[in-house]
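Reader: I am new to this structure and should like to look closely at a single part of it. Please describe that part in detail, and then continue to other parts of the chain.

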Amino acid sequence: MTITETAWGAPEDSGGRTAPTHSAGGLVGRGAELELLRRCIQQEPGTPGAVVLVGEEGIGKSRLLRTACEQAAGAGGLVLTAQGWAPEREVPYGLLRHLLAPLTDRMSTLGEPHRQALLAALATGPGATAPSGADVSAGTAALLDQLCHPDHDTPSGPVLIAVDDSHACDRPTLELLGSLVRRTEGSRVSLLLASRDCEVLLGLPADAEVLHVAPLSPRSSADLLESVPSAPVGRTRLEVLEEAEGNPSALLELCRRRASGADPALARERTPRPQNLRTRFDALIGPLPARTRRALVYAALALPGDDASAVMAALDTSDLGIWAPAEEAGIVALIDGHIVFRHPLARVAASTGQSAALLTSAHRDLADRAGARPIDRARHLVAATLGLDASLAEDLRSAAGRSADDFTLALALEDAARVSTEAGERARLLAEAMAAAVAVGDPEWVNNLHTRFLSVNSDPHLAREAALAAAAALSHSSRQKEAFGLLLDTADRYPAADAAADAKLAAVAAGIAEQSGLAKHRDRLPDLLAGTRESGTRESGTRESGTRESGTRESAPGPEDQPGTMAVRADSPESTGALTGLVWAVTSQPRYARRAAEGPGAAPASGRLRGPDRLTGRVAVASVAYLSDEPDVCLEHYRATDTYLRRRRAFGLRAWYAAPLLDTLLATGQWSEASALLEETTDQAAVLRLTRLQTDLEALDLSLRALRGTAAASLPVRSALPFDLHENGATRARLVRAGALVAMSHGEWADAYRRLRTLFAEDGSPLHPFLSSRCIAELALAAHRAGTSEDAAAALARVRSAHGERPTTRMTLLLHHATALLEPGPDPEHHFRLALVNAEGDHWPVERAQARLSYAIWLRRARRPSEARQQLVAALDTAEVLGSRPLAAAVRQELRASGVANSADSAADSAVALGQLTAQQQQIVRMAAQGLSNREIGEQLFLSPRTVGTHLYNVYPKLGVSSRHQLRDLLQST
């Protein structure tokens with residue numbers, strides 16, 4: 001079995017626990033930039049001859065330049081490199097000497113005027129006479145032309161001129177390089193410059209392209225951090241990522257700074273000054289006036305709430321001139337009332353190596369000016385405290401409850417625990433910090449807090465709450481069996497105080513059971529609700545009665561719904577009832593999922609639902625709606641919750657429902673929203689190292705690309721997953737379906753069936769009660785096309801039995817579609833009609849369009865083409881609205897078979913076929929349509945004529961043509 005199959009198509013064989021792979025070398029997240037540089041070096045049509053990389057120090061310009069040079073040299077090109085140096089900036093042609101030094105022996109072959117001009121320009125003696133710029137430019141151009149065409153007929157490899165720190169380059173050399181790009185237009189010479197600013201553009205052609213090297217994305221920053229040996233984890237890791245602001249050098253420097261393993265609350269003050277921080281920032285800060293250096297220390301220690309006025313007040317001055325020297329040196333800027341460091345390392349350099357007395361004084365002064373911001377005041381005081389202080393711990397805890405986001409809340413609670421004087425109080429603070437860290441979403445942070453909690457706690461109620469947070473972290477870490485076992489052990493050792501406590505624990509267990517897909521987990525859920533049934537039923541009955549009488553309106557999550565404590569709070573009747581309904585939904589399996597929302601304490605999962613006013617209740621009701629195929633209710637509550645949690649930076653809570661929310665968006669055809677959410681959540685999952693969720697998101701992204709028709713025929717090759725898919729059944733199901741959708745989009749029906757069949761046991765039982773069952777129509781379609789209907793019928797029978805007599809509307813439609821394909825009986829049309837008759841099926845447009853297509857194929861074969869066309873027109877409209885190219889192409893093909901074929905259809909089909917070619921194949925096709933020969937195409941694309949001919953031979957059948965003349969007509973029609 002290949003790696004690709006293991007990752008995407010046969011999850012039963014991929015339970016290995018190998019280490020994850022990370023991008024090596026540190027050059028991550030720069031694919032687009034490298035591609036632009038590659039195109040420039042190869043002088044592809046439409047690309048400029050010169051590219052200027054502009055960005056702040058440490059952003060990665062030099063690495064990009066070095067990588068581009070290595071690639072050019074590896075391709076057989078000649079690379080001339082040099083680096084600007086400020087002391088030589090006023091020396092004419094100082095940089096040119098370094099560039100042409102390797103070519104001194106080649107100058108003897110030049111004509112005398114050119115050779116003399118170059119030798120004069122490169123002379124370094126005090127009596128040397130500088131030649132005119134025109135003569136030096138002509139001589140350099142002649143030398144490069146000789147390098148590009150050594151035998152005057154056959155060009156050699158490309159010539160690349162790369163200059164780093166070009167802002168320190170002398171002006172004559174810069175103007176000469178610009179002249180060369182203009183004079184050698186169409187030749188094999190390319191120019192790459194790296195600069196901190198755009199001043200170098202003054203000497204370059206107007207068409208030189210400026211590439212602004214932006215900070216790394218959160219995902220790329222996390223990937224870079226993964227490549228660092230002994231990189232920090234948990235809280236420290238998140239702080240490093242935030243402080244670095246996407247600057248690679250700052251990220252690596254901050255990693256080295258935190259490598260000592262100091263208490264994170266003291267790291268800024270107590271970490272020794274590393275040698276490699278003595279960069280230009282130290283050189284810039286050192287000569288500044290003493291009062292400006294002191295002001296920079298205060299600015300560096302300021303919290304986000306400390307604006308410029310607060311820092312000035314702490315400094316006890318109103319003189320803005322105190323910042324002028326630092327502004328002139330490019331260290332800080334005053335922007336919108338805040339003091340902003342221009343580079344992350346400038347902030348580090350400003351505060352590192354300062355005396356403890358100065359740092360303590362700065363924190364206390366800043367605290368004195370933060371009276372209206374109690375959490376900032378308390379955090380400054382804690383940072384200035386090396387000992388224990390019970391009152392300060394209580395002040396910080398109290399202020400933390402009003403924090404704007406969960407990251408700040410978790411930081412504050414952990415710091416409060418550090419200065420707390422009593423073990424019991426410290427345990428309480430650590431338990432609350434764990435809940436906040438769960439909301440943030442970093443399992444390592446939660447685990448670290450849990451270890452410290454266990455060393456000081458003796459309260460059984462706190463132990464129960466901490467266990468919920470620890471189990472959530474284990475689940476995020478893909479360890480579902482361990483997480484579920486911890487909850488079972490907790491329920492046995494620490495009895496719940498009330499029904500709400502039982503419901504909380506059981507709901508976390510239900511989320512774990514749904515992710516694992518293991519029957520043994522679902523079977524144990526009723527035991528965890530033992531204490532909830534009687535009291536929960538009484539409470540819910542009273543509440544339901546009151547709600548019906550009063551017609552209570554639904555409200556959005558309010559400030560009192562602290563996500564950081566959601567893992568340990570569910571004390572409202574609405575929340576308790578909704579959580580109980582969620583447990584019932586997961587426990588009861590598909591046949592009762594729809595009724596689960598109407599179970600003890602839960603509101604009906606229907607359009608009439610009046611959602612609970614608690615955040616926990618919203619998530620629970622949305623999850624029940626997801627399981628019971630009620631997309632409107634599901635999306636309503638997930639979206640409301642997601643908006644609120646996004647503001648609070650509570651991705652750990654969002655991670656519980658990110659995949660179900662995306663599942664629903666894909667199924668309901670809301671692909672633009674799904675695409676945006678995928679990008680955001682993938683970044684966050686990488687930052688928090690939620691590998692299992694990253695895999696879910698990767699599978700969902702591939703599913704979306706397959707539905708749109710943009711997925712390559714071959715699945716991406718990946719190493720074995722770093723977690724066990726056997727205990728992560730939901731992830732396994734999403735991976736398998738993604739691989740199957742790719743196969744279906746390329747007409748590989750046998751491969752699609754092989755993949756989908758792994759979602760069911762040998763006897764046909766669904767391996768995941770919900771996700772496997774929802775693939776039954778796709779399994780039937782693949783089996784029908786692959787000719788393996790008899791084997792798939794066992795899975796259909798098992799799914800039908802699992803859902804009982806009252807399946808959800810969606811499952812009813814899917815089962816009828818599958819039955820019409822696998823068990824047609826004497827009247828298959830009966831099942832096709834039932835698969836389409838319910839108007840609610842429009843909630844799932846792709847599934848409905850697939851059913852219409854299957855029905856139309858049956859109608860055409862039954863010689864009822866006019867009825868088939870009605871179904872096909874509706875299916876085509878759906879496919880075009882969604883932007884599903886594979887579905888649209890299949891429908892158009894069937895339309896032609898039904899007697900509907902016109903030029904518009906042919907043009908559309910050609911466009912689809914053309915879009916499915918690789919970028920290189922499309923380029924070859926367009927050149928061939930313009931009349932270029934295979935040799936001419938090869939010369940422009942650096943391919944052999946044989947390779948070009950092979951490409952055309954392969955694409956002609958795909959495009960339905962047999963000559964270049966037909967190619968031209970095809971492209972004109974599209």
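Author: A suitable place to begin is a pair of residues: L160 stands opposite S190, a residue of strand β4. The model is a predicted one, in which local features need pLDDT of at least 70 and side-chain atom pairs count only at pLDDT 80 or more, while totals for chains, interfaces and linings use all residues. Residues are numbered from 1 along each chain as its sequence is written, and side-chain values use heavy atoms, with hydrogens and water left out.

L160 belongs to β3, a strand that covers residues 159–164. Strands (E, at least two residues) and helices (H or I, at least four) are DSSP runs, numbered from the N terminus. On one side, β3 is joined in parallel to β4 by 5 bridges; two strands pair if DSSP finds at least two bridges between them. Strand β2 (residues 78–83) also runs parallel to β3, and 6 bridges connect these two. Within that second pairing, D164 of β3 has Q83 opposite it.

Strand β3 is mostly covered, with 6 of its 6 residues buried. Buried means under 20% relative accessible area, exposed means over 50%, and partly exposed lies in between (1.4 Å probe, protein chains only). In a regular strand, side chains alternate between the two faces of the sheet. In β3 both faces are covered: V159, I161 and V163 are buried on one side, and L160, A162 and D164 on the other.

From β3 one may pass to its partner β4, which spans residues 189–195 and includes S195. S195 has a relative accessible area of 0% and is therefore buried. A polar atom of its side chain lies 2.7 Å from the backbone oxygen of D197. Such a polar contact is a pair of N or O atoms within 3.5 Å; within protein, one must be able to donate a hydrogen and the other to accept it, and residues adjacent in sequence count only if both atoms are side-chain atoms. Leaving aside neighbours within four places in sequence, S195 is also in contact (heavy atoms within 4.5 Å) with L53, V54, G55, K61, S166, H167 and V200.

The next topic is the nonpolar interior. A nonpolar core is a set of buried Ala, Val, Leu, Ile, Met, Phe, Trp, Tyr and Cys residues joined through side-chain atoms within 4.5 Å. The largest such core has 215 residues, and those with the most contacts inside it are L296, W323, I331, F341, W445, L525 and I776. Helix α21 (residues 423–440) supplies the largest share of this core, 11 residues. Apart from it lies another core, of 37 residues, which includes I161 together with A50, M107 and A121. I161 is thus both a buried residue of β3 and a member of that other core. In the largest core, I776 touches F760, A795, L796, V799, M811, L814, L815 and A818, its neighbours within four places in sequence being left aside.

Helix α23 (residues 460–476) offers a further covered element, since 15 of its 17 residues are buried. Its 17 residues should span 24 Å at 1.5 Å a residue, and the distance of 24 Å between its end C-alpha atoms agrees; the expected span is 1.5 Å times one less than the number of residues. At the start of α23, a side-chain oxygen of D459 comes within 2.9 Å of the backbone nitrogen of H461. After α23 comes S478, whose phi is positive, near 75 degrees.

Charged pairs complete the account. A search of the whole structure finds 52 salt bridges, each a side-chain nitrogen of Lys or Arg within 4 Å of a carboxyl oxygen of Asp or Glu. One of them joins E680 and R646, at 3.2 Å from N to O. E680 lies in helix α33 (residues 671–687) and R646 in helix α31 (residues 631–647), so this pair ties together parts that are 34 residues apart in sequence. E680 is partly exposed at 25%, as R646 is at 35%. Another salt bridge joins D791 to R757, with the closest N and O atoms 3.3 Å apart. This pair links distant parts of the chain, with D791 in helix α38 (residues 789–803) and R757 in helix α36 (residues 749–757). Here D791 is partly exposed, at 38% relative accessibility, whereas R757 is buried, at 12%.
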